[in-house]
Amino acid sequence: MNSESRRDLLFNVLMNGVAPLVAILIAFAIGGIVITSLGTNPFAFFSRMLSLNFGSMRGISQMIYRATPYFFTAMALSFAFKAGLFNIGAEGQMFVGGLALAWVGFTFTWLPFPILFILCLVAGFLGGALWGAIPGYLKVKRGAHEVITTIMMNFIAIALVQYIVQNHFMNPDWGIPHTPTVAEGAYAPSLGKIIPWFPAGTRANIMFLVAIILAGLTLVLLQRTKLGYEIRATGLNPNSAEYAGINISSRTVMTMAISGGFAGMATANFILGPGSHYFLKSEYGGIGFSGIAVGLLGRNNPLGIILAAILFGFLENGALGVQLYFPNVPRQIVEIMQAIILIVLVIVLEIARKFLKRLQKRG
Amino acid sequence: MARDNQIDTDPLIRMEGINKRFPGVLANDSVDFSVQEGEIHALVGENGAGKTTLMKVLYGIYSKDEGQIYFDDKPLEIKDPKAANELGIGMVHQHFMLVPPLSVADNITLGREIAKYGVLDREEAKERILELSSDIGFEIDPEARVEDLSVGVRQRIEILKVLFREAEVLILDEPTAVLTPQEVESLYEILNNLQEQGKTIIFITHKLNEVMDLADRVTVMREGKDVGTKEVQETSKNELANMMVGREVLLRVEKEEAEKGEELIRAENLTLKNDEGANIVDDISFSIREGEVFGIAGVQGNGQTELIEALTGINEFSSGTVEVQNSDLTNADGQVIREEGIGHIPEDRLDRGMITDFTVTENFVLGYHTFERYSSRIFMKLRDMDEHAKKAVEEFDIKTPSTKTLAESLSGGNQQKLIVARELSQQPKLLIAAQPTRGIDVGAIEFVHERLMKERARGKGLLLVSSELDEIISLSDRIAVIYEGEFIGMFDANETSKEELGVYMTGSERQDKEEVRRKALDKVSPRE
Ligand SMILES: Nc1ncnc2c1ncn2[C@@H]1O[C@H](COP(=O)(O)OP(=O)(O)O)[C@@H](O)[C@H]1O
Ligand SMILES: [Mg+2]
């Protein structure tokens, strides 16, 4: 049976290690070609990006700051995936959760830290959970496919959140529609305050640690709890789950709720972390959708997702900084590369799968 | 066991010293195999014996590691299925390879389209298909869509596909595994007709009855080796079973007299309607006592699945009552039913009975995972689960590298053993078992039967649903025949025969309704 476990290992390495790396390399290669065609030396470009991100603690913390929200939306995708569900609605869940957590933050202003901070996170989770549970409920009760409903719920959330902010919370003098600022009790401490080698006052904040803790908790939930057992059973084989007396309807709704809850906390990084401290919708657009790519690149595994989120943070943070040095390369090069990573990943995974199949056939 | 291959003169196909290795297994271990032109040759052996592998080598799907294939005494290499097709060899796989949304004709011609001036000639194709099918004795509508057709018909399409490619040698991999008894009958006819036309047929099976009914010669494989080839007329089921398993096998079950105790379950007037309002289960009543096996015989699709799934909490009855030792379990929750001591071996092991992507341990608590033994309010008791699994793996002799192995890598027989072991290790007082030995090999069948009879001897009750009449008769005490959702006959297992049950199963005869009900409820004298 040694060879069997060797085959499993090969499978793991290929699908979860080699495939994402190849996708990333190819994306950089194509990005490099585009940059060359714009008359810029790609090596200079990328090495500048590298030094901007990794050259100093400030760079690293900026990168972490950009990476953190992706982790939450990617977890939303992956958690649902474990239960056999496709939650494409992280974008909408993120907005609803974000508004909910901001509201708690500027409403219960008398509460001290960390009580208000924690309440804000709970509110973000619940807001996202509500928005995720609705498609779950529609699937269970009406058989509506969650891919369709979660996408539709995105549009509703975007419009709804915009409406609420403009008509209820916004002060016309502000110019741009945002909510009032959250109270100090809700502030997420900067990593500079917690970990000595981070620069004081960096915008990277405790939400990054929350993300890591959440990754651990998710693993425990799925692998060690009764609920996790039932969620996995439902995802892997609903018929057998039904046979086992598992209430698959309730598990489906619950999974979608937890998944949405993850997305609901994504904007805490911006709203509670060092910065403007209000909910500004236009700042978060696309983080939910990019979460899909991050989740896939991280191969639906919490550790992988943290790495993938950091890569996305790397690209985004690098893009912002590198503009100063290479003004003729548009910032959107990064979005192109993110898209290429996703497309190439899907192709490479398919090739790896075929290769493994051939290998099995040849014995 | 010594090899006793007779010298085969002038075989059409001869495979010599075939070796085929997969990681960790020698699937074919210097196998010799030969086929005469025009014969029906059965290839039998337990699951994992290497039958499919050998045929895939012959069909060019797998490349052999060593050995030689001769066709018409000429040594040659068959490097892919196309090369096999050119030699006139065709194969019908265990899992059908049809495109469901396409028509019958399109499926058959796929890859071999008939074209005139570069345009598909559908009319010509249809004619060829009608001709081919009437030649071997059945009718088919070439324009029907495959997705609307039953499994039996799909298999015929696969056969036509092979004939359309002008095959002279047909390999069928476990063709009867998916068929109902009637469909098996018509497959027999088709194969006999093919033989009359001079075709050569190799069919893989592990049902010895089929070998005796159909084949001219039979080759037995065990653990990758060929153990011998026999003329069917000169061998017996017993001999073949022993060759397959490598030891003495009991084909008949030892059924001791068991002391019948108190009534365990009493079900009355059970009815289950489908969405259209038709009665899928129609006014069924029965009771089972301790130490008693109540068999339900019937052709698949007559309501037995629905009856069992509603009894075990997966589905709900529209009306009727189920009482288990005075507690009302009508439409109770699956978990409650298990807690009351009712186990369930479902008929579909992969799509009901287990989760193939779960480990052996995780599968061992499926359905029992909420029991205090295996979980607290929030957490699973992983160590206790694993301990339980290890003990049961040992006790039930389940072949698995470890309890952490995914269930998907177990063989079918061991998967079934896992399910049986899971249910029995919870010591149910009543076990509901549907097709407990379907698709598993003689050795495993013997094992399951023995365990079930042991439970009966211990005073447990058993509700057994099976389409294998031998199994029903040899295990049961009382037998009900179900037809279109109704019990239409009740029999004492000692006083009935396969033939008698067969007549009732087709609905051609039925007993008096009140009489059936009275016997099923085990009442000596009529009510009132
Ligand atoms: N593609 C494969 N890769 C690895 N092992 C295989 C493969 N196909 C078959 N085997 C192994 O080879 C052995 C023989 O399998 P098979 O020929 O399918 O048996 P049978 O058809 O007699 O049930 C088994 O141990 C099986 O697990
Ligand atoms: Mg096989």
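Helices and strands, as named on this tour, are DSSP runs numbered from the N terminus, a helix having at least four residues and a strand at least two. The model itself is predicted.

**First stop: B:Thr437.** Select B:Thr437 in chain B, and you will find this residue in the loop that runs between β19 (430-434) and α15 (442-457). Is B:Thr437 buried or exposed? Its relative accessibility is 7%, and because buried means under 20%, B:Thr437 counts as buried. Now show the side chains: that of B:Thr437 makes a polar contact of 2.4 Å with the side chain of B:Glu471. Leaving aside residues up to four places away in sequence, B:Thr437 touches B:Gln416, B:Ile445, B:Val448 and B:His449 as well as B:Glu471.

**Second stop: helix α8 of chain B.** Move next to residues 237-245 of chain B, which form helix α8, and colour its buried residues, namely B:Leu240, B:Ala241, B:Asn242, B:Met243, B:Met244 and B:Val245. Which elements cover them? The cover includes the strands β3 (40-45), β11 (217-222) and β12 (225-231), together with the helices α7 (208-214) and α15, which belong to chain B as well. Just after α8(B) comes B:Gly246, where the phi angle is positive, near 85 degrees.

**Third stop: B:Asn209.** From the cover of α8(B), pick out helix α7 of chain B and select B:Asn209, which lies in it. With a relative accessible area of 31%, B:Asn209 is partly exposed. Its contacts, again without residues up to four places away in sequence, are with B:Lys237 and B:Asp470, and a polar contact of 2.6 Å joins the side chain of B:Asn209 to that of B:Lys237. For a sense of distance, select B:Ala105 too: B:Asn209 and B:Ala105 stand 104 residues apart in sequence, and their C-alpha atoms are 34 Å apart in space.

**Last stop: chain A as a whole.** Switch to chain A, shown as a cartoon, where there are 15 helices and 0 strands. Its C-alpha trace spans about 70 × 60 × 40 Å along the principal axes, and its radius of gyration of 21 Å agrees with the value near 21 Å that a compact globule of 363 residues would have. Of those 363 residues, 53% count as buried, and among contacts in chain A with a separation of 6 or more, 76% are between residues 24 or more positions apart. With the surface displayed, the accessible area comes to about 15,900 Å², 69% of it belonging to carbon and sulfur atoms. Finally, colour by charge: chain A carries 24 positive and 12 negative side chains, and the centres of these two sets lie 9 Å apart.

Technical notes
Residues numbered from 1 in each chain as written. Chains lettered and ligands numbered in written order. Predicted model: local features only at pLDDT ≥ 70, side-chain atom pairs only at ≥ 80, totals over all residues. Heavy atoms only, no water. Rg over C-alpha atoms; globule rule 2.2 N^0.38 Å. Buried < 20%, exposed > 50% of the residue type's maximum accessible area, 1.4 Å probe, protein only. Contact = heavy atoms within 4.5 Å. Areas by Shrake-Rupley, 256 points an atom, 1.4 Å probe, with all protein chains shown as cover. Lys, Arg positive; Asp, Glu negative; His and termini not counted. Charge placed at Lys NZ, Arg CZ, Asp CG, Glu CD. Polar contact = N/O pair within 3.5 Å; in protein donor to acceptor, adjacent residues only side chain to side chain.
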